[in-house]
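Subject: The structure I promised you

Hi,

Here is the structure we talked about, so open it up and keep it beside you while you read. My notes follow underneath.

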Amino acid sequence: KLASREFKKADSVFSVGPVKIGGNRLVVIAGPCAVESREQILECADIVASAGGVMLRGGAFKPRTSPYSFQGLGEEGLRYMKEAGERYGMPVITEIVAPHQVEIMRDYVDVFQIGARNMQNFELLKVLGAEGRPVMLKRGLSATIEEWLMAAEYLLAHGAEDIILCERGIRTFETYTRNSLDISSIPVVKKLSHLPVFVDPSHATGLRDQVIPVGLAGIVAGADGLIVEVHPDPPRAASDGPQTLYPEQFEKLLRDIEVLSPVV
Ligand code: PEP
Ligand code: MN
């Protein structure tokens, strides 16, 4: 299999603009859950870049549990995000939720994100694979490691090369946290696959006070980077406020990571 260590022994390493992914360097991707306005994403980009983050996240098409919740700004959001990324010299990553969106997204996006809810949307994986652009593939809500790697296989089989796997917690019986971070999936996947693995401690925990310890644990377990949610005013965030870091917490996270290993 294309994702396996048998197929490729060495860790996959690739660049997204100025950012090197994989191969013993830690990368921090951060930004709001959703792009809410031009001002908001510019402010977020400033927070991320000045603390040492190197890539900007933000959803424009949000897969919300309720159809009455904020669904994202769509193409307008992509436009603001691209502007913010360019202004601060950061590539941007955003989620795609349907195959036809490739057309409108390709001019704005550096890394396409496949969300947990779409990990096994095989038609989406095929279309995105054929696009040949970098993809972050989140682990599904209840996906086994085998299923997750087979989803990556779809992307590779259809032409994608630059793939980041992202552990973002799985459904368990525990209710104190939104999901349970499967910390052991990191060494397991690093052994089975050459693909870089990131951890998303924001969606894994659902609670901002747990994001720093859980994120650091992910790094110690061997993750190649983190993707985290940060916002200038988390209580007023349009989505995922309770798990979103305050700017000061984000700065602390990056200082703590620096102690473990220098961030590039
Ligand atoms: C997100 O990154 O905003 C998101 C919806 O993540 P996940 O797909 O992991 O739930
Ligand atoms: Mn979110």
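Let's start with one residue: in which loop does V54 lie? You'll find V54 in the stretch that links α1 (38–51) to β4. Before going further, keep in mind that this is a predicted model.

Is V54 buried or exposed? It has 24 C-beta neighbours inside 10 Å, and 20 or more is the cut-off, so V54 counts as buried. Leaving aside residues up to four places away in sequence, V54 touches V19, V27, V28 and M90. Take V28: 26 residues separate it from V54 along the chain, yet their C-alpha atoms are 6.1 Å apart.

Now for the barrel. Eight strands close into it, in the order β3-β4-β5-β6-β7-β8-β9-β10, and the pairing is parallel. From one strand to the next, the twist averages 25 degrees. On the outside of your to-do list, but worth a look, is helix α6 (residues 185–192), which packs on the sheet and touches β8 (163–167) and β9. The direction of α6 makes about 165 degrees with that of β9.

If you want to trace the strand pairs, try β10 (residues 225–229) and its two partners:

- β3 (residues 27–31) runs parallel to β10, with five bridges joining them. V27 has G225 as its bridge partner in β10.
- β9 (residues 197–199) also pairs with β10 in the parallel sense, over two bridges. Here V199 stands opposite L226.

β3 also has two bridges to β4 (residues 55–57), again running parallel, and A30 is matched there with L56.

How many of the five residues of β10 are buried? Five of five, so to speak: the strand is mostly covered. G225, I227 and E229 point one way from β10, while L226 and V228 point the other way. That fits a general pattern: in a regular strand the side chains alternate between the two faces of the sheet.

You can see the pattern again in β6 (residues 111–114). V111 and Q113 point one way from this strand, F112 and I114 point the other way, and all of them are buried. β6 is joined to β5 (residues 92–95) by three parallel bridges, with E95 and Q113 as bridge partners. Three bridges also pair β6 with β7 (residues 135–138), in the parallel sense, and F112 stands opposite V135 there.

On to the nonpolar core. In soluble globular proteins, nonpolar side chains tend to be buried together. The largest nonpolar core here has 77 residues, and V135, L137, A152 and L165 touch the most other members. Helix α5 (residues 145–157) gives this core its largest share, six residues. Click on L137 to see what that looks like: not counting residues up to four places away in sequence, L137 touches I114, M119, A151, A152, L155, I163, L165 and C166.

Last stop, ligand 1. Which residues are around it? They are C33, G59, P63, G115, A116, R117, K138, R168, D200 and H203. Sorted by class, that shell has three nonpolar, three polar and four charged residues.

Have fun clicking around, and write back if you get lost!

Cheers

Terms used. Residues numbered from 1 in each chain as written. Chains lettered and ligands numbered in written order. Predicted model: local features only at pLDDT ≥ 70, side-chain atom pairs only at ≥ 80, totals over all residues. Near = placed C-beta within 6 Å. Nonpolar A, V, L, I, M, F, W, Y, C, P; charged D, E, K, R; others polar. Core = buried A, V, L, I, M, F, W, Y, C linked by C-beta atoms within 7 Å. Buried ≥ 20, exposed ≤ 12 C-beta atoms within 10 Å, placed from the backbone. Helix = DSSP H or I, 4+ residues; strand = E, 2+ residues; numbered from the N terminus. Contact = placed C-beta atoms within 7 Å. Pairing = 2+ DSSP bridges. Axes fitted to C-alpha atoms, helices over the stretch in contact; angles between N-to-C directions.
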